[in-house]
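Please look over the model below before reading on. My notes follow as numbered points.

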Amino acid sequence: MDVKSTKNFVFWLFCQFELITCSYLMEPWEKVLFYSFNTCMVGTLFYTTYVCVAAHVSTALQLLWNFLGNQQENAVSVVK
């Protein structure tokens with residue numbers, strides 16, 4: 001995909017976004033507030049997802065390793 005068609009595609013996506021959200025009807029200062037709010041919300045969503053997913057995966061792996069580790073230790077202690 002060349003640069004010109006990529007640029008046109010991104011512009012087309014932006015126009016679709018403006019049509020869907022009706023932001024093409026807004027005044028420039030309203031657009032700044034609207035886009036700033038949306039950008040902050042998307043950034044907050046990505047950050048929260050990153051932090052929560054990392055914490056949940058870490059907890060799940062610790063539980064898994066503890067479960068597998070304790071199971072082997074219990075099997076060895078029962079044999080003795």
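1. Phenylalanine 17 has a relative accessibility of 33%. It is therefore partly exposed, since that class lies between the 20% limit for buried and the 50% limit for exposed. Bear in mind that this is a predicted model.

2. A search of the whole structure gives 4 aromatic pairs. One of them joins phenylalanine 17 and tyrosine 35, with ring centres 6.0 Å apart. The planes of these two rings meet at 35°, so the pair counts as tilted. This pair links distant parts of the chain, 18 residues apart: phenylalanine 17 belongs to helix H1 (residues 3–21) and tyrosine 35 to helix H2.

3. Is tyrosine 35 buried or exposed? Neither class applies: its relative accessible area is 22%, so tyrosine 35 is partly exposed. The limit for buried is under 20%.

4. Tyrosine 35 also pairs with phenylalanine 34. Here the centre-to-centre distance is 5.7 Å and the angle between the planes is 55°, again a tilted pair. Phenylalanine 34 has a relative accessible area of 24% and is therefore partly exposed.

5. Which residues make up the aromatic cluster? Phe14, Phe17, Phe34 and Tyr35 form one cluster. Two of its members, phenylalanine 17 and tyrosine 35, sit in helix H1 and helix H2 respectively.

6. The chain as a whole has 2 helices and 0 strands. Helix H2 covers residues 28–79, and helix H1 covers residues 3–21. Of the 80 residues, 2% count as buried. The exposed area of the chain is about 7300 Å², and carbon and sulfur atoms supply 73% of that area.

7. There is a nonpolar surface patch of about 680 Å². Its residues are Val53, Val57, Leu61, Leu64, Trp65, Phe67 and Leu68. Leucine 64, one of these residues, is placed in helix H2. With a relative accessibility of 41%, leucine 64 is partly exposed, because the value falls between 20% and 50%.

8. On annotation, an unreviewed UniProt entry lists residues 9–26 as "transmembrane region". Such annotations may be inferred rather than shown by experiment. In the model, the span is 72% helix and 0% strand. The C-alpha atoms at the ends of residues 9–26 lie 23 Å apart.

Notes
Residues numbered from 1 in each chain as written. Predicted model: local features only at pLDDT ≥ 70, side-chain atom pairs only at ≥ 80, totals over all residues. Heavy atoms only, no water. Helix = DSSP H or I, 4+ residues; strand = E, 2+ residues; numbered from the N terminus. Buried < 20%, exposed > 50% of the residue type's maximum accessible area, 1.4 Å probe, protein only. Areas by Shrake-Rupley, 256 points an atom, 1.4 Å probe, with all protein chains shown as cover. Patch = residues over 30% accessible without salt bridge, like charges linked within 9 Å, V, L, I, M, F, W, Y side chains within 5 Å. Salt bridge = Lys/Arg side-chain N within 4 Å of Asp/Glu carboxyl O. Phe/Tyr/Trp six-rings, centres within 6.5 Å; stacked < 30°, edge-to-face > 60°.
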